[in-house]
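Work through the exercises below with the sequence and coordinates open. Each task is followed by a solution in steps.

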There are 2 protein chains.
Amino acid sequence: MKTVPHITDAEWEVMKVLWNESPRTANDVIDAMQERTEWKPKTIRTLLNRLAQKQAISFTQENRVYAYFPLVSEGECVKSETQSFLKRIYGGAFKPMLVNFLKEEQLSEEDIKELRDMLDGKSK
Amino acid sequence: MKTVPHITDAEWEVMKVLWNESPRTANDVIDAMQERTEWKPKTIRTLLNRLAQKQAISFTQENRVYAYFPLVSEGECVKSETQSFLKRIYGGAFKPMLVNFLKEEQLSEEDIKELRDMLDGKSK
DNA sequence: CAATGTGTATTACAGTTGTAATCCAACTGA
DNA sequence: TCAGTTGGATTACAACTGTAATACACATTG
């Protein structure tokens with residue numbers, strides 16, 4: 001099973017941009033990021049570098065410009081982060097978390113219906 | 001709404017011990033921890049100190065010995081950590097996460113039944 | 001009372017993370 | 001050709017984390 005590198009909070013924002021569309025040049029990423037954050041361009045370049053170092057992304061070079069693209073899928077990362085979250089908070093057990101969430105969160109009538117349909121799909 | 005301090009991975013293990021039973025002396029905590037981790041006693045004391053500093057726990061003094069107890073409940077912390085997790089991974093939306101989980105995770109027939117019952121309880 | 005043990009307080013130290021600034025090489029326009 | 005601009009590489013730096021070790025103060029024992 002492929003292990004995905006650990007992606008930090010700040011890095012995650014950059015990944016989202018690349019998952020959304022790629023390849024993108026550093027400047028494209030910077031533009032996209034500045035619609036959602038206050039980060040300076042230099043900061044975003046740092047994050048791109050770190051992500052490339054840890055092989056979460058890579059790039060192709062076109063003249064002097066790099067175009068970045070993800071090496072790991074959003075699904076993989078979500079799964080991996082979820083696993084460690086679950087492990088930390090709930091000792092790894094999935095159902096207790098669900099139970100807790102369902103207790104705590106407010107869901108619309110449609111949400112509930114949708115979830116129930118999914119459960120129906122799961123049961124044989 | 002009360003804000004809980006951020007509790008790190010390592011600190012979380014200590015909190016679990018105190019949530020499980022408190023107050024406990026440092027040595028009690030250390031004993032309990034050593035059943036589950038390899039951490040040195042000094043390490044655990046450091047974690048207790050840091051937790052006390054950030055007011056996640058406090059202590060009473062009995063002669064020269066401290067007895068520690070949580071200042072924040074497990075529920076609060078779970079909720080708070082879950083919020084930031086959700087925000088980071090799913091942009092804060094709860095249902096997409098559930099949908100994803102239900103797709104990914106394998107649940108027993110009883111689990112599914114239990115969840116369905118909970119959903120029934122939620123819908124008016 | 002002196003040495004030893006024990007519990008707490010202080011200090012250590014490297015790796016990670018957030019958040020950039022500076023340096024350098026190449027391109028571009030005058 | 002020279003200076004400014006621009007993209008990338010290197011460096012910065014403090015806070016937070018994991019993981020302790022050392023120092024200190026009080027208590028106990030011989």
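**Exercise 1. DNA strand D**

In this predicted model, a polar backbone atom of B:Ala10 lies 3.2 Å from a phosphate oxygen of DNA strand D. That is a polar contact, a pair of N or O atoms within 3.5 Å; within protein, one must be able to donate a hydrogen and the other to accept it, and residues adjacent in sequence count only if both atoms are side-chain atoms.

Conventions: residues are numbered from 1 along each chain as its sequence is written, chains are lettered from A and ligands numbered from 1 in the order in which they are written, and side-chain values use heavy atoms, with hydrogens and water left out. Local features need pLDDT of at least 70, side-chain atom pairs count only at pLDDT 80 or more, and totals for chains, interfaces and linings use all residues.

*Task.* Describe the protein surface near DNA strand D, where near means that a heavy atom of the residue lies within 4 Å of the strand.

*Solution.*

Step 1. List the neighbours. DNA strand D is surrounded by 22 residues, and the closest are A:Arg45, A:Tyr66, B:His6, B:Thr8 and B:Thr46.

Step 2. Look at further atom pairs. A:Tyr66 places a backbone N or O atom 2.7 Å from a phosphate oxygen of DNA strand D. B:Thr46 instead addresses a base: a polar side-chain atom of this residue is 2.6 Å from a base nitrogen of the strand.

Step 3. Assign elements; helices (H or I, at least four residues) and strands (E, at least two) are DSSP runs, numbered from the N terminus. Two or more residues come from each of α2 (26–34), α3 and β3 of chain A, and from each of α1 and α3 of chain B. The largest share, five residues, belongs to α3(B).

Step 4. Sort by class. Ala, Val, Leu, Ile, Met, Phe, Trp, Tyr, Cys and Pro count as nonpolar, Asp, Glu, Lys and Arg as charged, and the others, Gly among them, as polar. The surface has six nonpolar, six polar and ten charged residues.

Step 5. Split the DNA side. Sugar or phosphate accounts for 59% of the atoms of DNA strand D within 4 Å of the protein, and bases for the rest.

**Exercise 2. DNA strand C**

*Task.* Which residues are closest to DNA strand C, and which parts of the strand lie within 4 Å of the protein?

*Solution.*

Step 1. The strand has 21 residues around it, the closest being A:Thr8, A:Thr43, A:Thr46, B:Arg45 and B:Tyr66.

Step 2. Two phosphate contacts come from chain A. A polar side-chain atom of A:Thr8 is 2.6 Å from a phosphate oxygen, and a backbone N or O atom of A:Ala10 is 3.1 Å from a phosphate oxygen.

Step 3. A base contact is made by A:Thr46, with a side-chain N or O atom 2.6 Å from a base nitrogen of DNA strand C.

Step 4. Of the strand atoms within 4 Å of the protein, 63% belong to sugar or phosphate and the rest to bases. The protein surface holds five nonpolar, six polar and ten charged residues.

**Exercise 3. Chain B against chain A**

*Task.* How many residues are in contact between the chains, and what area is buried?

*Solution.*

Step 1. With contact set at heavy atoms within 4.5 Å, 41 residues of chain B touch 40 residues of chain A.

Step 2. Buried area is the accessible area (1.4 Å probe) that two parts lose on being put together, summed over both. Here the value is about 4100 Å², and carbon and sulfur atoms give 65% of that area.

Step 3. A salt bridge needs a side-chain nitrogen of Lys or Arg within 4 Å of a carboxyl oxygen of Asp or Glu. There are six between the chains. In the one between B:Glu81 and A:Arg88, the closest N and O atoms are 2.5 Å apart.

Step 4. On chain B, the elements that give two or more residues to the side touching chain A are α1 (9–20), α4 (74–90), α5 (94–104) and α6 (109–122). That side has 17 nonpolar, seven polar and 17 charged residues.

**Exercise 4. The sheet of chain B**

*Task.* What is the strand order of the sheet in chain B, and why does each edge strand have a side without a neighbour?

*Solution.*

Step 1. Two strands pair if DSSP finds at least two bridges between them. The three strands form an open sheet in the order β1-β3-β2, with antiparallel pairing.

Step 2. β1 (24–25) and β2 (57–62) of chain B are at the edges with a single partner strand each, so one side of each has no neighbour in the sheet.

Step 3. β2(B) and β3(B) are joined by six bridges. B:Gln61 is opposite B:Tyr66, and B:Glu62 has B:Val65 as its bridge partner.

Step 4. These two strands form a hairpin with two residues between them, and B:Asn63 in the turn has a positive phi of about 55 degrees.
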